[in-house]
Each structure stands twice: as structure tokens, then as C-alpha cells.
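Dear colleague,

I am handing over a structure that I would like you to look through. My notes on it follow below the model, grouped by region.

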Amino acid sequence: MGVWKLITVAAALAVAVVDAAALEPRGQKLVKSDSLRKALKVDALYKKAEILQDFAYSSPDKNRVIGSQGHQDTIDYLHDQIAKFPKYYTVELQPVPLVVGVSANLTANNKTIEVYAVTLAPGGHVTGPLVAIPNLGCEDADFPPSLKGSIALIFRGTCSFGVKVGLASSRGALGVIAYNNGDGNLKGYSLSLFQNDTTPYIPTGGISRGQGEALVAQLEAGTEIIVDLTTESKTITSYNVIAQTKGGDQNNVIHIGGHSDSVTAGPGINDNGSGSIAILEIAIQLTKFSVNNAVRFSWWTAEEEGLLGATYYVAQLSQAEKDKIRLFLDFDMMASPNYAFQIYDGDGSAFNSTGPPGSAEAEKEFTHYFNKIAKLNHTEIEFDGRSDYGPFLEAGIAAGGIAGGAEGLKTEEEVLMFGGASGVQYDVNYHEDGDTVNNLNLECWIEMSRAIAHMVATYARSWESLPPKTKGSVKRGVSDHKKTKAYQRWV
Ligand SMILES: [Zn+2]
């Protein structure tokens, strides 16, 4: 990091202070889509991305993963930026307790294996015979009647690893070894599900696919394997940053969110610096206008460990508070280098997985915006609950969103619509150390930011295009989105 970057940070802060003083509410005009969109500038977005990258690069592991200095700096920055408008916003830091892995040691018949402590699993020292669980360990039937005194070896995939560890624990296992279903190690891997009240989690270590398969082969050959697993974990407090306009109907809220954290591998500037900053900039520009309906902005923690910040938030809401949220819109990866303008398929027309009432209308509003106002091509993506809107869907709250694309491959057809390269990931640096400011597609970013601004302004003015509010809305079927292909790849 060069000295000039420090000056950039200081200058940006100074400008924001001046803005705040000039922007306190007094006879403001009601927000309009075009005025809010016009207030957005690429430069303002980009400068904030540099600040987040500096936070990552000043952190020992050069990332903004939960528990890191880079992530805490991000949380403080988001909070401080929005707290500069005390007359316009009520700002809250919601503490979210998280158990994160610190270190681990593993031996199998006294041979050392590289292992990582899995997030959300407790620390401990366990030793016993290793038992390989057939299939994926997502079903009760995959497990033998008793695992008492043993350590279960379970393959990654299809369901949250927390489901597997819960089942192993309920059969009496002392610990679990998770082995990867893809390349690489399981550093930063998470159980992706908070522990339920009945089945306590047990120490869990993550190893590579090759190491796991070698152990399975030995067990199948009849070799008895005694494993010794030590994991260390610590409980940290991370934070959701939540800001709500003081103006507007507080009982009918448009809720906008994106995650503030990155993965372990890199600084996470597209995923999800781009979404965090887009909504921050919109929140700042919104202070120039008045609203009819309250607008709530949230920056969630620990999305990458299983939507934990958003899950925690929704779990803490009473039904009366849930009913106040007319629509939640999620923004994750707004500046993918080989982008497509992807709209979540809230009406199920493309992927047959629909959201609660209002989700279809949100998709329709985005579609209307891209077709008629921005005059830009767009596609639909599966409404699979793979980002922070998942817990909202499960609570029966209408949801929607757009994305620039992650690890999926761009098709020939999409190249005709958006340019770029076919057969290449939308973001080649997805969850890699190359997700830096250089990874951002600025054209994608500003267009996505304008689309978000359109939605904010539209619903801040009126709910006329959404179906009437239903109290205690009916939940969708048992976590439909968890059955989708994309979700299953992700866990
Ligand atoms: Zn993300």
C-alpha cells in the first residue's frame, strides 16, 4: 500500500463530512428514480472500492474474511459513512456471535494430515476409530445406528455440512472429518448452519479430497484407522450494519442488503465490495431526497460462511417486524468482469422456483427497468437462496435482486447480449486472490447501481406495484431453494 492511498482515504472522508453538513433534511423533494440514478458516479464507487482493498491489504491475510482486521475495518467504515447522517438515518450495529476455527491437528494411525478447523464447530480433542459415512451424509439413513466413540468421515456436498455434523453427533460420534468435493484445502470452510438446540456440534476438521479418498480406500481394504483430532476455535462478535431512514412509513419498509465480508482467499472486491459500496453510495445519495416509505439498508456479516449474518437477523425478528418488510432486495457481485445482467427469477418462469408474493412483482419491476428505462439486455437466474435473501424467503418475506454473475460460464447467446467471452466464468476471480479493484467491470457496476437506485426510488415512493400486504405470510414449501442445483454446488 502506498502513501498516496492513505491520502485518498483521508480526502474521501473529508469530502463526506462536508456533504453531510449540506445534506440534512430541509424541504427535500420526494425521491425519483431518475434523480437518484443521476446522483450516482463511477468515481465515487471506485474510490470506495480502493478503500476496501486497502483494508484487505493492511490485514495479515490480505482479505476481509469474518474475524479479520480487514472485515472489522469494513464494518467500521460502512457504519461511520452512514452515521454521518444522524438526522436522516437510525443506524445500528447488530452483534452476531460466531464460532470460528483457529487451528487444527490431525493424525491417522500416527501419520499427520493437513487439516483446518471448520467454522461454527467447537474446539476440542477427540480420538477414536474412523468410520466412513456412505453417500453424502445428508439423510438419517446414511448413518449407522451408533457412532458411539468414533470419528465420522463425511464427503462435502448437497446439504450444509452442519446437517451432516448434527446427524453424526446425534448418533454419538465424538468428532467429524470433512473431506472436500473439489480441489484445494478446506481453509475457512463452515458448517453453514447455526447449531440447533437439540444436537450440539462436535469438533470438525476439514481435509482435501485426495486425503479423504485415501482414508476411505484404506477403510474399504479393511484397515482400522485410529484418528486423533484437535481443533481450536474462538467465539468472535461480528456485526450487521443496519440503517433505516427516519422519514417514510416505518411500518412498510423497503429493505436493501448486501454482504460486507469476503472469503479467505482474497480481498473480495467484486464479491461483495461491489454490492456493499453500491448500496452505501445509494444510501448516501438518498439523503438528498425525502421518502414516502422507510428504506432500510443492511450490510450482512458472514454471508460466505452460510448467510449467517442475515440468518441471525431474520431469526431475531418478531412476526410483527417481519410483516413490516414489504420486500427485501439482495445485491451480491455487481461488477463481474465478464458480466451478464442477471435478475433473480422471482416468478419461477425460468427455473420453476418462486418466491413469496411480491417476489414476482420485484422481478417484473427490474425487467421493466432494464427493458424500458435502461434499454439493456438481461437474463434470469435461479432464485436459489444462495445469497442473503435465502433466510428472508424462508421467513415468507418477498425478495428479489440482481447479480453480475459468479463462477458460471457465459454462453454464446449471452456474449451477443452483453459482449465478453463465451465459455469463461462471469467472474474468473470468483473467491480468488485476484478479486481486487482490477477485477471490477465499471460499466457493469454503474448500470447495476442505477438499477438498484431505480428500485429504491420506486418503492420509497409507492407500493402500488406490489400485491397487498398479508400478515404472517405463508411460508414456501420446505426450503425449496435448498433443492436447487446451484445451492447444492455451493454448500
Ligand atoms: Zn457474495
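Two strands count as paired here if DSSP finds at least two bridges between them, and the strands (E, at least two residues) and helices (H or I, at least four residues) are themselves DSSP runs, numbered from the N terminus. This is a predicted model, in which local features need pLDDT of at least 70 and side-chain atom pairs count only at pLDDT 80 or more, while totals for chains, interfaces and linings use all residues. Residues are numbered from 1 along each chain as its sequence is written, and side-chain values use heavy atoms, with hydrogens and water left out.

Strands

Strand E9 (residues 226-245) is joined to strand E12 (residues 293-300) by four bridges in the antiparallel sense, and in this pairing Val 241 stands opposite Trp 299 of E12. E12 also pairs with strand E10 (residues 249-259), here in parallel and over eight bridges, with Asp 249 standing opposite Asn 293. E10 in turn runs parallel to strand E13 (residues 325-331), to which five bridges join it, and Ile 254 faces Leu 327 across that pairing as its opposite residue. From E13 a further parallel pairing, over four bridges, leads to strand E16 (residues 399-403), where Asp 330 is opposite Gly 401.

As for burial (buried means under 20% relative accessible area, exposed over 50%, and partly exposed in between, with a 1.4 Å probe and protein chains only), E12 is mostly covered, with eight of its eight residues buried. E13 is likewise mostly covered, with seven of its seven residues buried.

In helix H8 (residues 308-316), the buried residues include Leu 308, Gly 309, Ala 310, Tyr 313 and Val 314. Among the elements that cover them are E9, E10, E12, strand E2 (89-108) and helix H9 (319-324).

Nonpolar cores

A nonpolar core is taken as a set of buried Ala, Val, Leu, Ile, Met, Phe, Trp, Tyr and Cys residues joined through side-chain atoms within 4.5 Å. The largest such core has 66 residues, of which Ile 256, Leu 286, Phe 297, Ile 402 and Ile 452 touch the most other members. Helix H13 (residues 442-461) gives the most to this core, contributing twelve residues. With contact meaning heavy atoms within 4.5 Å, and with residues up to four places away in sequence not counted, Ile 452 touches Ile 256, Ala 278, Ile 279, Ile 282, Phe 331, Met 334 and Ile 402. Another core, of 28 residues, lies apart from the largest one and has Ile 133, Ala 178, Leu 186 and Ile 236 among its members.

Zinc site

Donors are N, O and S atoms within 2.8 Å of the metal (3.2 Å for Na, K and Ca), and water is not among the atoms, so sites may look incomplete. For the zinc ion the protein donors are His 259 (NE2), Asp 271 (OD) and, twice, Asp 332 (OD), at 1.9 to 2.5 Å from the ion. The donor residues follow the spacing H-x11-D-x60-D in sequence. Asp 271 belongs to helix H7 (residues 269-286), whereas Asp 332 is in the loop between E13 and strand E14 (342-344), so the pair ties together parts that are 61 residues apart in sequence. Both Asp 271 and Asp 332 are buried.

The angles among the four donor atoms range from 55 to 147°, and the site is irregular; four donors would count as tetrahedral if all angles lay between 85 and 135 degrees, and four as square planar, or six as octahedral, if opposite donors were over 155 degrees apart and all others between 65 and 115, with anything else being irregular.

Two loop residues

Gly 268, in the loop between E10 and H7, counts as buried because its relative accessibility is 3%. Leaving aside neighbours within four places in sequence, Gly 268 is in contact with Arg 64, Ser 262, Gly 273 and Asp 435. Pro 468, in the loop between H13 and helix H14 (485-490), counts as exposed because its relative accessibility is 70%.

With kind regards
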